[in-house]
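Trainee: Could we look at this model together and talk through how its labels are earned?
Mentor: Gladly, ask away.

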Amino acid sequence: MSLTESGFEPGKRNFLQLTDKDGEQPRIASVSDGLDDSSQERFIGPLPRDCTVGCSSDYSSPSYSYSSILNKSDTGYVGLVNQAMTCYLNSLLQTLFMTPEFRNALYNWEFEESEEDPVTSIPYQLQRLFLLLQTSKKRAIETTDVTRSFGWDSSEAWQQHDVQELCRVMFDALEQKWKQTEQADLINQLYQGKLKDYVRCLECGYESWRIDTYLDIPLVIRPFGASQAYGSVEEALQAFVQPETLDGANQYFCERCKKKCDARKGLRFLHFPYLLTLQLKRFDFDYTTMHRIKLNDRMSFPEELDMGPFIDVEDEKSPQTESCTDSGAENEGSCHSDQMSNDFSADDGVDEGICLDTSTLYSSLTFELFSVMVHSGSAAGGHYYACIKSFSDGQWYSFNDQHVSKITQEDIRKTYGGSSGSRGYYSSAFARSYLDCDDFPEHIKHLVQREKESEEQEKRQREIERNTCKIKLFCMHPVKMMAMMENKLEVHKDKTLREATEMAYKLMELDGVVPLDCCRLVKYDEFHEYLERSYEGEDDTPMGLLLGGVKSSYMFDLLLETRRAEQVFQPYKPGEVMVKVHVVDLKTDTIAPPVSIRAYLNQSITEFKQLIAQATELSAETMRVVLERCYNDLRLLYVPNKTLKAEGFFRSNKVFVESSESPDHQVTFTDSLLWKLLDRHGNTIRLFVSLPVQSPGTNRTICQKVGGDTEECSEGSKGNRNSVEAILEESTEKLKNLSLQQQQGSSTSDSQKSSDTSDFEHIESPSPSQEPDSSSVSAVVAVDNRELENRIRVASGGSDGGAYSDPETQFPGEERSDSEVNNDRSTSSVDSDILSSSHSSDTLCNADSGPIQLANGLDSHSITSSRRSKANEGKKETWDTAEEDSGTDSEYDENGKSKAESYYLYFRAEPYAQEDGSGEGGQKCVLVHVDKRITLSAFKQNLEPFVGVTSTQFKVFRVYANNQEFESVRLNETLSSFSDDNKITIRLGRALKKGEYRVKVYQLLVNDAEPCKFLIDTVFAKGMTVKQSKEELMPQLKDQCKLDLNIDKFRLRKKTWKNPGTVFLDYHVYEEDINISSNWEVFLEVLDGPEKMKSMSQLAVLTRRWTPAQMKLEPFQEVVLESSSVEELKEKLSEISGIPLENLEFAKGRGTFPCDISVLEIHQDLDWNPKVSTLNVWPLYICDDGAVVFYRDSTEEPMEQSEDERNELMKKESSRLLKTGHRVSYSPRKEKALKIYLDGGPVKDPGQD
């Protein structure tokens, strides 16, 4: 039967429900793990990545739900939550917990809270964890308290370590904590054995020896240099005690013979610990590939291991007793485990005890396997889990983080390893026997009770959380600057609306500000700022019903609405729309803050006007209503019977109303004063402009007399403090007057605009009293422009004009270039204007601050984004002029002027004191309100009086949130990408003109450790030749970099990141032969001889010889080819190196210049002698200058090196490549050292950020 016939619907989501069959629960089908194709067996351990399924019975419940995750596993055992990469920790903790001798010794230790902080006490946190593992009813518990006692932070959870290393470090920490207690020697009693390290002379039989202790026995999987691994643990143990003969150069100096003699060196076991731990050394290092590897060879181990054959009977004079001193930290750790009760809830107070009676413990040398630690994965990373046997029922279990499941002996055999999979047995533990125990100690019983109470409290808290509604809460606070405050209201679903209102009242801190009965909760849409409905008469309704139940998120919010005592709450009914009404006063050019009213979509415009008239007390007969449908669309509502829905009203709307008897009613709406005011209101933005600390040269100030005249003031005078304010006030009025005059004469003065202001929006100033002709307009313009220049000079404190005689003159005291500023802030050389565009955003209403009155009463509270006006509308405005920027250069003439008609845009600046006080140290700031449609050129021209220099002598930098600064250089582009409260920094320095580009020049040093060095920041122009740019660079390089170069002794070439590219020839022209862009970067390369590159058909390749016999790379040499022929390249290389042509091999370098590679890898890793005839095909693809080519003599063999020499060379290469920033592929991944801090945490360097 097909799926369609079974009722499955194609293209839709189909749901299946698993039910019981014949009383049996549904089970996940088992799959083969790849070890044995003949049998379908369960997979234990971590779930594989190839979508095969695990065998755990944890998911076999027919009602798999959130509650089932919290419940204990069917096995009766509790898992541990993996914090991130803490599987190694979980496996060790489960193994130690399942060791009854260790667990009960830990229980016998009593914590003294007066002596130590419980948070940093490792034994106490282990004690708590073991009790939870034994008594908890959860499926899995957290280990964060244990890791916190280790002194670890959250980053440690993302570091995977070796489980044996963790065991050793944790045992050391416990021994330190247990000093002067009964548990001081616990680790040695359980895990420590003795062995003899001996050397016996073969001539006289004299033997020298020492006794060593061990906590585990490391067994080699595969002998060094062998290809065959040991087949079993017994074979590996035999090899471990097999002596080696010291002969030849390795002869032993015998104390008895007094000479060097042949000898036999080996190890003998003297006694074995109570818990025997074997470590299989599966992680190794491959010296051929220089990589860390994991050996997955099969190695079997028995269920019972007889260690009798490996004991030294001759030296065992007496029965084994307590182990001696610790064998040190050579071993990295171990994995062990023991017995555990299967039903903790029914046997909380019963446990096994510890009894190390030597008469019974060591009567047999046969050990029983009870724990296996498995690592699945590769040497680069993987997953740990433990297989542990319970002695109470003889059953094996897999402890895999949260999941605990039953496994069989066959599953244990799968951990032997083998070529069919990546899993491999890592280490194991054997035990002799186990003993029963008595009841818990009294202090443990109290701790059990506390943990049970804590768990019950946590369970109740989870229940409360599952029944708690969490929703966003807003409130327009009546005191805190009328700002919209936001918080999260968490209320139980059974709480009533009255109780929820009281909770919100306290949450918003309205106590003592507004009475509680003057507050109510209403349904609110924060995105549309829409009040959806109020809840009249539902004070006793549970919040769960009002909100539609407990949900993870809601599609609406709540607003805590307040009122004054004399007011009455207005009911909000579903289906109503909210309208914010702004009253416009044409006489004062002001727009009032909004008044909110509610209306229905089926109301007519006439009814809507009556509604507004009631709320605003305006006349409905003369009322004009303008709807702002979106941020750039104003619509006059003039059809009386049309409904609000037909006009485009939605949930939340914004309208402007004006009611007067002015003649403006008779004018077409787009020509009216109302439209112009609204258009200006919607396009004006507020910018914070930081001015230079001082103008170039000496300090200059302005003092303003009462009559408006100016006079020069000495430094430090009182006028110095008010100079900016004086200029601001006077220049703003000046510019406004100029614009008023220009309004009357703009039609005749357009043809008279001077070419000197080609990059700026021209300010024209005809007489305001009469309509002048074109000649008089030009004369007045010239006079007023000269007056403005003189005004700036006076403000700058100098009348000689030396610094201003040439607008291109560079100031002696000019601030640092933009490249230096950006380099200090680690910014990249991205086109500033492109970046600005990408960061542009619409400016919504500023709800966080009250309305700020701008010029003529303009309200900045509701400044919105760009709104385009008609070009011929602005001629009646009394504001500064600017070009309309269309975004394409083709719409501008050769002087940078717009081909469309000019219109007038708003600009106003006023002094501003920075809140953080950063402007007190001489830094001047102005708050600028400007129409965002103004061009950068006009904006700079308006800033001239405040900066104190002409616009060609300062630069504009846009400041982003992370304080990165990028220069804005495109004079014809508008400020449309800026938004309210953006910051701008003005820096002195030569600004770019049309066709100019700022260029960063770096020196290319091919044979230096740092091949890329920044030199200077300069300017290239469109149409300039490379030779001309080199001529301009030479004096700058001499003055700023102390480089005195001849024009024929250096070249410029393309720079792509750090890679050198195309060589620029002297006759190349920028923008014709060479593409150039903003913030461009080039390399300057000093030549050893005359320039070899003469034409674009040539190819310059950087070559480097590799000499294997010396393990050395020679310096770079440039080879210039006439074609892309491989044969020509070989001939050139043979010519400069003397290598016979038939023996010469070459390979292309990889990565970023200089393509560094270790001398230990270059001989094998590069693709030597590719079978191609030309360089511009795969796998070379050498099509441009600057490619790196290595070459060698194929007959030259690599240097023979000893192991020590190779290791020394490896260290040198690692150091060299790390300094150059290149990856060392053979170096192992840098791992963070595993440490447990006894004092609660690492000591951080106070100077480290």
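Mentor: Let's start with one residue in this predicted model: R1216 has a relative accessible area of 27% and is partly exposed.

Trainee: Why is R1216 called partly exposed?

Mentor: Buried requires under 20% and exposed requires over 50%. R1216 has 27%, so the label is partly exposed.

Trainee: What makes D1156 buried?

Mentor: The relative accessible area of D1156 is 14%. Buried means under 20%, so D1156 earns that label.

Trainee: How do you know that D1156 and R1216 meet in a salt bridge?

Mentor: Their side chains come to 3.4 Å, N to O. The cut-off is within 4 Å, so the pair counts as a salt bridge. D1156 lies in the loop between β48 and α24 while R1216 is in helix α25, so the pair ties together parts that are 60 residues apart in sequence.

Trainee: How many salt bridges are there by this rule?

Mentor: The count comes to 56. Among them is the pair D145 and R148, at 2.8 Å from N to O.

Trainee: Why are D145 and R148 separated by about one helical turn?

Mentor: Because they are three residues apart in helix α5. D145 has 30% relative accessibility and counts as partly exposed, and R148, at 42%, is partly exposed as well.

Trainee: What makes R268 and E207 a salt bridge?

Mentor: Their closest N and O atoms are 3.3 Å apart, and the rule asks for within 4 Å, so the pair qualifies. This pair links distant parts of the chain, with R268 in strand β9 and E207 in strand β4, 61 residues apart. Both R268 and E207 are buried.

Trainee: Which sheet holds β4 and β9?

Mentor: An open sheet of four strands, in the order β4-β3-β9-β6, with antiparallel pairing.

Trainee: Why are β4 and β6 called edge strands?

Mentor: Each of them pairs on one side only.

Trainee: How do you know that β3 and β9 pair?

Mentor: Eight bridges join them. Pairing needs at least two bridges, so β3 and β9 count as paired. Within this pair, D197 stands opposite L267 in β9.

Trainee: What makes β30 and β36 a pair too?

Mentor: Seven bridges join them, and the rule asks for at least two, so they pair. These two strands run antiparallel, and T684 stands opposite D931 in β36. Helix α16 packs on the sheet there, touching β30 and β36.

Conventions
Residues are numbered from 1 along each chain as its sequence is written. This is a predicted model: local features need pLDDT of at least 70, side-chain atom pairs count only at pLDDT 80 or more; totals for chains, interfaces and linings use all residues. Side-chain values use heavy atoms; hydrogens and water are left out. Contact means heavy atoms within 4.5 Å. Axes are lines fitted to C-alpha atoms, for helices over the stretch in contact, and angles run from 0 to 180 degrees between N-to-C directions. Buried means under 20% relative accessible area, exposed over 50%, partly exposed in between (1.4 Å probe, protein chains only).
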